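User: Could you take a close look at one part of this structure for me? I would like to follow how one chain is built and then see what lies at the heart of the packing.

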Amino acid sequence: MAYRIFLYFGLMAVGWLLSSRGLIHKKLMNRISLVQTFFLFGLIFVMGIRVGMDEQVISSIGEIGFKAFIFAVATCSFSVLFVYLARKKFIRDVNITGGRND
Amino acid sequence: MTRKILLVLAVGVLSGLFLIPESLYGATGILLDIGLCMLLFSVGVDIGSNKDIFKNLKNVGFKLLIVPAATVLGSLFGGILCSILFKMNLFGSLAVASGFTWYTLSAIIITPVSVELGTIAFLSNVFREIIAFISIPFIAKHIGYLETIAVGGAISMDTGLPIITRNTSQEVVIISFISGIIISLMVPILVPIFVGLL
């Protein structure tokens, strides 16, 4: 866990440092959004492969999947609701809120 | 974006079910690690191209902690409601709800005590991750940027980060990463506590 956090932080920091000092080629800078999309879809595809290959997940989806699904919907819905209420009360910066505080 | 994500995910699941040999399961883990590293590097590059981000974040200050705190509390509240709905043990439900999409860890901690709860934890966190992938673009557009962090919880610092990057602002990407770390750190603390109270 600690190793991964340092690795993730480190990679972002190196990218940030190189970019902020103008050491990244302009061609790459112009296509950075495309690069991110490429890796994003690649990761989602591989994640899907892992889910499909995991017999435990596939076989138990029918049995207790309903309960698990309700848990998933409830936990993420209330997390979104709580952040929404807190953001409305405490945070005003448009760059952070997305301009939906009014 | 959402349709494309769903399509890619579905193709991936079908490939895993019918095409990819089991011997390559380990290789998919390596692919995920490499892809994630490349992605986080490119996110860093993207952030570095904007000089005003840290100045903007400084203005928000300690309020940044509100996002992970509200995310954790919201999930626990959802867990309490599920325990009432399914007439389940309260602490068992809270343990399931404390996975915050880190499905491997929460399920591993819970399974020795209850296989059923462990499986629910595993699946509910997988479902939550999928829900996050699908709903982040919608939430960013119709509800707000910070709420995109809440839906994914722990994945806001890794696999969810690129989707958040694509749909929100660079300031939110940094908040997302920090929130994801705080939320992830809560998993190995909260899950054992609730499992111990079972």
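User: To start, in what order do the elements of chain A run from the N terminus on?

Analyst: Happy to walk you through this predicted model. From the N terminus on, the elements of chain A run α-α-α-α-α. That gives 5 helices and 0 strands in chain A. Of the 102 residues of this chain, 34% count as buried.

Before going further, a word on confidence. The mean pLDDT of chain A is 82, and 82% of its residues reach 70 or more. Within the chain, confidence is highest in helix H4 (residues 55-90) of chain A, at a mean of 88, and lowest in helix H5 (residues 94-97) of chain A, at 67. Where pLDDT is low, the predicted coordinates should not be read in detail.

Chain A is also divided into two domains, domain 1 (25-59) and domain 2 (61-92). The C-alpha centres of domain 1 and domain 2 of chain A lie 24 Å apart.

Now to the packing. The largest nonpolar core has 87 residues, and those with the most contacts inside it are B:Ala95 and B:Ala121. Both domain 1 (25-59) and domain 2 (61-92) of chain A give residues to this core, so it lies between them. In soluble globular proteins, nonpolar side chains tend to be buried together.

B:Ala121 deserves a closer look. Leaving aside residues up to four places away in sequence, B:Ala121 touches B:Ala95, B:Val96 and B:Gly99, along with B:Tyr103, B:Ser106, B:Ala107 and B:Ile110. Its partner B:Ala95 is thus named twice here, as a contact of B:Ala121 and as one of the residues with the most contacts inside the core.

Staying with chain B, two loop residues are worth checking in your viewer. B:Phe100 sits in the loop between H5 and helix H6 (103-110) of chain B. Its phi is near 45°, a positive value in a residue other than glycine. B:Phe100 has 30 other C-beta atoms within 10 Å, so it counts as buried, the cut-off being 20 or more.

B:Lys87 lies in the loop between helix H4 (66-85) and helix H5 (90-97) of chain B. Phi of B:Lys87 is near 50°, again a positive value in a residue other than glycine. Here the surroundings are the opposite: B:Lys87 has 6 other C-beta atoms within 10 Å and is therefore exposed, as 12 or fewer is the limit for that class. So, of these two loop residues with positive phi, B:Phe100 is buried, whereas B:Lys87 is exposed.

Technical notes: Residues are numbered from 1 along each chain as its sequence is written. Chains are lettered from A and ligands numbered from 1 in the order in which they are written. This is a predicted model: local features need pLDDT of at least 70, side-chain atom pairs count only at pLDDT 80 or more; totals for chains, interfaces and linings use all residues. Helices (H or I, at least four residues) and strands (E, at least two) are DSSP runs, numbered from the N terminus. Domain bounds come from an automatic or database domain assignment. A nonpolar core is a set of buried Ala, Val, Leu, Ile, Met, Phe, Trp, Tyr and Cys residues joined through C-beta atoms within 7 Å. Two residues are in contact if their C-beta atoms, placed from the backbone, lie within 7 Å. pLDDT is the predictor's confidence in each residue, from 0 to 100.
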